[in-house]
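Open the structure in your viewer and keep the selection tool at hand. We will go from stop to stop.

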Amino acid sequence: VNMQVGIEQVGEIVNAQHAIQRAEVAGLTRLVRAARFHDDDTGAHIVRVAFLSLELARLMGLPQEQQLPLFYAAALHDVGKVAIPDAILKKPGRLTAEERDVMQSHCWAGARLFAHDESDIAHACRTVALNHHENYDGSGYPNQVQGEEIPLQARIVSVADVFDALTMERCYRPAMSYEHALSLMCGEMLRKFDPQCIRLFSDNIDHFKALHGLINRLGAVDDLFDFYG
Amino acid sequence: MVMTKRVLVVDDQPELRKLVRLSLEMGGYEVFEADNGQRCLELLRVVKPGIVVMDAMMPGRYDGFQACQKVKAEYPHIKVIMLTARAQQADRELAAKVNSDAYVTKPFSPMALLDILEEVAK
């Protein structure tokens, strides 16, 4: 490698880096759109989880350069559900043990979508897809990892995902109020979460309530994932 | 008189303008919008904002950096916050070169944007 790189070449390298990132982001934007098509809540859950996770990451002091990978990883946490048959994914009743295994395999499927790609965004997406159902106390799935063994990005997304899921209307129950969801998360669910994540979330609940409402008022959002547009 | 609580948002993407608008309204700002650099320069005289939030990458006669340079040349007292695609060293240097007061890297949390506006408005 020639170490004597001229100023023109630096410019070319910067342009090339921009082009690569632009292509990567365009691909991810399409994947986010596909995940939103497949989601049962018109895709709003995905967008809320992305923004709630981003804010929690900021409060946790995650460095700026890790925030964009986390944002996509949060939006794509459940992208592996494209691999799950609708008969199981949308089954109104209780799942059998076998069906539950299939359902839980969405973590692996999501991780596989980002296999053999070492970009920081792909790495974050793979990590979060695989680990977002792991619990801090080791009671989660698919690998029952616990505590700090669960990557930080997944611990952040887990808090955002659970809060948003609880405050969403489901076919089997109405939406919970923000207060009810928070008291549940800080009560009987507490041990599932990273203590620092859940404390910051609870201390700044006003931020998350405001964000939740803001995203619901946004309407169209696809372009928000395409930062080079 | 310049209104410090009045912000002009300049971006060609309507969805991003709306995100910025809702974020800033949450902080009590009065928000006006322009969809390109040229329109921004036309609106400044009328709107008299204290702060301009400007996307770096825009099609048209001026990109965000060029528009920022023009704003600062004509109205040095108006604070300009640049929205950049990624914290590229080159973008940061460019943002400094055109005399912007701060920059925010996309994606941003609405609260992060509000913090920066508050900082800049001091």
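This tour visits a pocket, a helix, the nonpolar cores and one residue of a strand. Keep in mind that the model is predicted.

**Stop 1: the largest pocket**

Start with empty space. Rolling a probe the size of a water molecule over the atoms shows where such space is left. The largest pocket here has a volume of about 1600 Å³. Select Lys81(A), Met103(A), His133(A), Arg170(A) and Tyr172(A): of the 42 lining residues, these are the closest to the pocket's centre. Now colour the helices α1 (7–38), α2 (44–59), α4 (86–89), α5 (97–104) and α8 (152–166) of chain A, since each gives two or more residues to the lining. Which element gives the most to this lining? Select α8(A): its share is five residues, the most of any element. Next, colour the lining by residue type. You should find 17 nonpolar, 11 polar and 14 charged residues.

**Stop 2: helix α2 of chain A**

Select α2(A) and show its C-alpha atoms. The helix has 16 residues. From first C-alpha to last, α2(A) reaches 23 Å, close to the 22 Å expected at 1.5 Å a residue. Is α2(A) largely enclosed or largely open? Of its 16 residues, 13 are buried, so the rest of the structure largely encloses α2(A). Step just past the helix to Gly61(A), where phi is positive, at about 80 degrees.

**Stop 3: the nonpolar cores**

In soluble globular proteins, nonpolar side chains tend to be buried together. Look for that here. The largest nonpolar core has 79 residues. Select the ones with the most contacts inside this core: Leu56(A), Tyr72(A), Met185(A) and Phe225(A), then Val20(B), Leu24(B) and Leu117(B). The helix from the last stop returns: α2(A) gives the most to this core, with nine residues.

Zoom in on Phe225(A). Beyond its neighbours within four places in sequence, Phe225(A) is in contact with eight residues you can pick out: Val25(A), Thr29(A), Val32(A), Val47(A), Ala50(A), Phe71(A), Tyr72(A) and Ala75(A).

Then move to a second, separate core, which has 23 residues. Val47(B), Met54(B), Val71(B) and Val98(B) are among them.

**Stop 4: Leu8 of chain B**

Finish at Leu8(B), in strand β1 (residues 3–10) of chain B. Leu8(B) counts as buried because its relative accessibility is 0%. What does Leu8(B) touch, not counting residues up to four places away in sequence? Its partners include Phe32(B), Ala34(B), Leu43(B), Ile51(B) and Val53(B). Glu33(B) is another contact. Leu8(B) and Glu33(B) lie 25 residues apart in sequence, yet their C-alpha atoms are 5.5 Å apart in space.

Notes:
Residues are numbered from 1 along each chain as its sequence is written. Chains are lettered from A and ligands numbered from 1 in the order in which they are written. This is a predicted model: local features need pLDDT of at least 70, side-chain atom pairs count only at pLDDT 80 or more; totals for chains, interfaces and linings use all residues. Side-chain values use heavy atoms; hydrogens and water are left out. On a 1 Å grid over the protein atoms alone, a cavity is a set of points where a 1.4 Å probe fits but cannot get out, and a pocket is an open set with protein on both sides within 12 Å along at least five of seven lines; lining residues have an atom within 4 Å of a point. Grid points are joined across faces, edges and corners, and a volume is the space filled by probe spheres set on the points. Helices (H or I, at least four residues) and strands (E, at least two) are DSSP runs, numbered from the N terminus. Ala, Val, Leu, Ile, Met, Phe, Trp, Tyr, Cys and Pro count as nonpolar, Asp, Glu, Lys and Arg as charged, and the others, Gly among them, as polar. The expected span of a helix is 1.5 Å times one less than its number of residues. Buried means under 20% relative accessible area, exposed over 50%, partly exposed in between (1.4 Å probe, protein chains only). A nonpolar core is a set of buried Ala, Val, Leu, Ile, Met, Phe, Trp, Tyr and Cys residues joined through side-chain atoms within 4.5 Å. Contact means heavy atoms within 4.5 Å.
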